[in-house]
Amino acid sequence: MTETHSLSLPDVDLVYDVRGRMWERVTDFGEWPIWLADNRRLLFGDGGRSFWVVDTRTKQTTKIYSGGRDVLGPPRLARNASRLVFSRRVNEADIWVTTLK
């Protein structure tokens, strides 16, 4: 098994192979990478619009959630990796009217 570490830079996600002593580009976009439990896939965001998963071996990316017009915060995984937690800032609002006495 290869020991790897991730680094998030603007518009790029890299993985470092400790044994091979080299950086490998796994996507050409992204931020906030999180290793999934299989140590093969990374969950990451794309600037607050969507969440993606990339397979570090095949380099295949899959969009898993889109916030539409909302802005998504950094993703976090529960300790047992069963749930994804993130904030969602809604860019729309309702207008409420009330009578003041």
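**Exercise 1. In this predicted model, locate Ile 64 in the secondary structure and describe its exposure.**

Solution. Ile 64 lies in strand E7, which spans residues 61-66. The next step is to place its relative accessible area, which is 45%, against the cut-offs, where buried means under 20% and exposed means over 50%. Because its value falls in between, Ile 64 is classed as partly exposed. The surroundings complete the description, since Ile 64 forms a nonpolar surface patch together with Tyr 65 and Leu 84, and these three residues have about 230 Å² of accessible area together.

**Exercise 2. Determine how strand E5 pairs with strand E4, and state what is found between the two strands.**

Solution. Begin with the ranges: E4 covers residues 31-35 and E5 covers residues 41-45. These strands pair in the antiparallel sense, and three bridges connect them. One can then follow an individual partnership, in which Glu 31 has Gly 45 of E5 as its bridge partner. Finally, turn to the connection, where the hairpin of E4 and E5 has five residues between the strands, and Asn 39 in this hairpin takes a positive phi near 55°.

**Exercise 3. Work out how E5 is joined to strand E6, and decide whether E5 is largely enclosed or largely open.**

Solution. Strand E6 consists of residues 50-55, runs antiparallel to E5 and is joined to E5 by five bridges. Within this pairing, Phe 44 stands opposite Trp 52, a residue of E6. The hairpin formed by E5 and E6 has four residues between its strands, and in the turn Gly 47 shows a positive phi of about 95°. For the second part, count the buried residues of E5: four of its five residues qualify, so the strand is largely enclosed by the rest of the structure.

**Exercise 4. Summarise the whole protein by its secondary structure, burial, surface and contacts.**

Solution. The secondary structure comprises zero helices and 11 strands, and the pattern read along the sequence is accordingly β-β-β-β-β-β-β-β-β-β-β. As for burial, 27% of the 101 residues count as buried. The accessible surface amounts to about 7,500 Å², and carbon and sulfur atoms contribute 50% of that area. The last step concerns contacts with a separation of 6 or more, among which residues 24 or more positions apart account for 19%.

Note on methods. Residues are numbered from 1 along each chain as its sequence is written. This is a predicted model: local features need pLDDT of at least 70, side-chain atom pairs count only at pLDDT 80 or more; totals for chains, interfaces and linings use all residues. Side-chain values use heavy atoms; hydrogens and water are left out. Patches are made of residues with over 30% relative accessible area and no salt bridge: like charges are joined within 9 Å, nonpolar side chains (Val, Leu, Ile, Met, Phe, Trp, Tyr) within 5 Å. Accessible areas come from the Shrake-Rupley method with a 1.4 Å probe; for residues, only the protein chains shown count as cover. A salt bridge is a side-chain nitrogen of Lys or Arg within 4 Å of a carboxyl oxygen of Asp or Glu. Buried means under 20% relative accessible area, exposed over 50%, partly exposed in between (1.4 Å probe, protein chains only). Two strands pair if DSSP finds at least two bridges between them. Contact means heavy atoms within 4.5 Å.
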